[in-house]
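Here is a short briefing to read alongside the model. Keep the viewer open and follow the topics in whatever order suits you.

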Amino acid sequence: FPVTILQPLMKMRTFASFCAYLRENSLRAQWPSNLQYRGECSVTRLLAGWCNKNIGCSRPLHQQQLYLHGPTKMRKSTFLNILQFFTNSYAIPLTEDFYDLYQDPEPTLCYTDEYERKGCKMLGWLKEFSQGTKMLLRQKGGQRMKLTNPAVVILSNYSLEFIYHRAVAAHPEALDPIYKRYQVVEVTQPLDTEGLVEALVQALLATTAPPGY
């Protein structure tokens with residue numbers, strides 16, 4: 001077989017083998033805090049750095065969350081799926097203001113995909129939820145206190161200015177508090193999720209696999 005065919009196959013086998021190792025040993029994968037992505041995609045490198053500071057570790061108050069936007073087929077959802085492998089994740093509901101599934105133990109990652117004008121959160125809510133302080137969340141028949149500071153990832157095909165165009169038109173500074181709380185990253189070429197997975201596999205094997213594995 002040509003080398004160009006064998007290399008992806010070897011990567012897939014390596015990842016499948018490592019996943020099997022995790023299942024056999026009942027381990028929960030921990031994001032390697034010093035992950036080094038060595039590929040050529042600068043945005044993927046930026047996201048790996050954000051993950052090192054926010055996934056699988058304690059987050060200080062007001063540390064920036066992630067708003068990742070760009071057109072379809074940029075592998076944004078694939079990137080989110082990778083994060084979910086390492087976290088106790090919670091999907092932020094967009095069609096209602098009840099948060100019944102936000103339970104103990106509290107999630108380490110809160111996310112929403114396909115964020116758009118229809119169903120977007122009020123800016124005040126987004127600001128409070130993202131800053132990491134305690135917050136009351138409505139639940140059917142009651143409420144509960146959000147006590148921890150989970151990472152928040154929002155994926156969208158659109159920029160914040162497009163989604164909140166009315167708020168910006170009325171108050172040009174309306175998004176300033178959100179920009180303080182989010183690292184906004186635009187994707188203009190597909191993320192190198194395959195290279196990110198390869199870096200993760202190598203880092204995790206180095207730290208969790210027994211000698212000779």
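## Around Glu116

Leaving aside residues up to four places away in sequence, Glu116 touches Tyr158 and Ile163. Please keep in mind that this is a predicted model. The chain has 213 residues, of which 41% count as buried, and it holds eight helices and seven strands.

**More on Glu116**

- Glu116 sits in the loop between E3 and helix H4 (123-131).
- With a relative accessibility of 35%, Glu116 counts as partly exposed, because it falls between the 20% limit for buried and the 50% limit for exposed.
- Glu116 and Tyr158 are 42 residues apart in sequence, while their C-alpha atoms are 6.8 Å apart in space.

**The sheet**

- Five strands make up an open sheet, and following it across gives the order E2-E3-E6-E1-E7, with parallel pairing.
- Strand E2 (89-91) and strand E7 (182-186) are the edge strands; each has a single partner strand, so one side of each has no neighbour in the sheet.
- From one strand to the next, the twist averages 20°.
- Strand E3 (residues 109-115) pairs with E2 in the parallel sense, over three bridges.
- If you would like a residue pair to look at here, Tyr90 has Cys110 in E3 as its bridge partner.
- Helix H3 (residues 76-84) lies across strand E1 (65-69), E2, E3 and strand E6 (151-156).
- The angle at which H3 runs to E3 is about 165°.

**Salt bridges**

- How many salt bridges does a search of the whole structure find? The search finds four.
- Side chains of opposite charge can pair when their charged atoms come close.
- Lys140 and Glu96 meet through their side chains in a salt bridge, at 3.7 Å from N to O.
- This pair links distant parts of the chain, 44 residues apart: Lys140 is in the loop between strand E4 (135-139) and strand E5 (142-146), and Glu96 is in the loop between E2 and E3.
- Lys140 is exposed, at a relative accessible area of 51%, whereas Glu96 is partly exposed, at 33% relative accessibility.
- The side chains of Lys121 and Asp97 form another salt bridge, at 3.4 Å from N to O.
- Lys121 belongs to the loop between E3 and H4 and Asp97 to the loop between E2 and E3, so their pairing ties together parts 24 residues apart in sequence.
- Is Lys121 buried or exposed? Lys121 is buried, since its relative accessible area of 5% is under the 20% limit.
- Its partner Asp97 is partly exposed, with a relative accessible area of 41%.

**The network at Arg144**

- Arg144 forms a salt bridge with Glu106, and the closest N and O atoms of the two are 3.4 Å apart.
- Because Arg144 lies in strand E5 and Glu106 in the loop between E2 and E3, the pair ties together parts that are 38 residues apart in sequence.
- Both Arg144 and Glu106 are buried.
- Asp104 joins them: a network of salt bridges links Asp104, Glu106 and Arg144.

**Helix H4 and what follows**

- In H4, the buried residues include Leu123, Trp125, Leu126 and Phe129.
- Ser130 and Gln131 of H4 are buried too.
- An α-helix has 3.6 residues a turn, so residues three or four places apart point the same way.
- Gly132 follows H4 and has a positive phi, near 100°.

**Surface and contacts**

- Leu136, Met145 and Leu147 form a nonpolar patch on the surface, and their accessible area together is about 270 Å².
- Within this patch, Leu147 lies in the loop between E5 and E6 and counts as partly exposed at 49% relative accessibility.
- For the chain, the accessible surface comes to about 12,100 Å², and carbon and sulfur atoms account for 55% of that surface.
- Among contacts in the chain with a separation of 6 or more, 73% are between residues 24 or more positions apart.

Note on methods
Residues are numbered from 1 along each chain as its sequence is written. This is a predicted model: local features need pLDDT of at least 70, side-chain atom pairs count only at pLDDT 80 or more; totals for chains, interfaces and linings use all residues. Side-chain values use heavy atoms; hydrogens and water are left out. Two strands pair if DSSP finds at least two bridges between them. Helices (H or I, at least four residues) and strands (E, at least two) are DSSP runs, numbered from the N terminus. Axes are lines fitted to C-alpha atoms, for helices over the stretch in contact, and angles run from 0 to 180 degrees between N-to-C directions. Contact means heavy atoms within 4.5 Å. Buried means under 20% relative accessible area, exposed over 50%, partly exposed in between (1.4 Å probe, protein chains only). Accessible areas come from the Shrake-Rupley method with a 1.4 Å probe; for residues, only the protein chains shown count as cover. Patches are made of residues with over 30% relative accessible area and no salt bridge: like charges are joined within 9 Å, nonpolar side chains (Val, Leu, Ile, Met, Phe, Trp, Tyr) within 5 Å.
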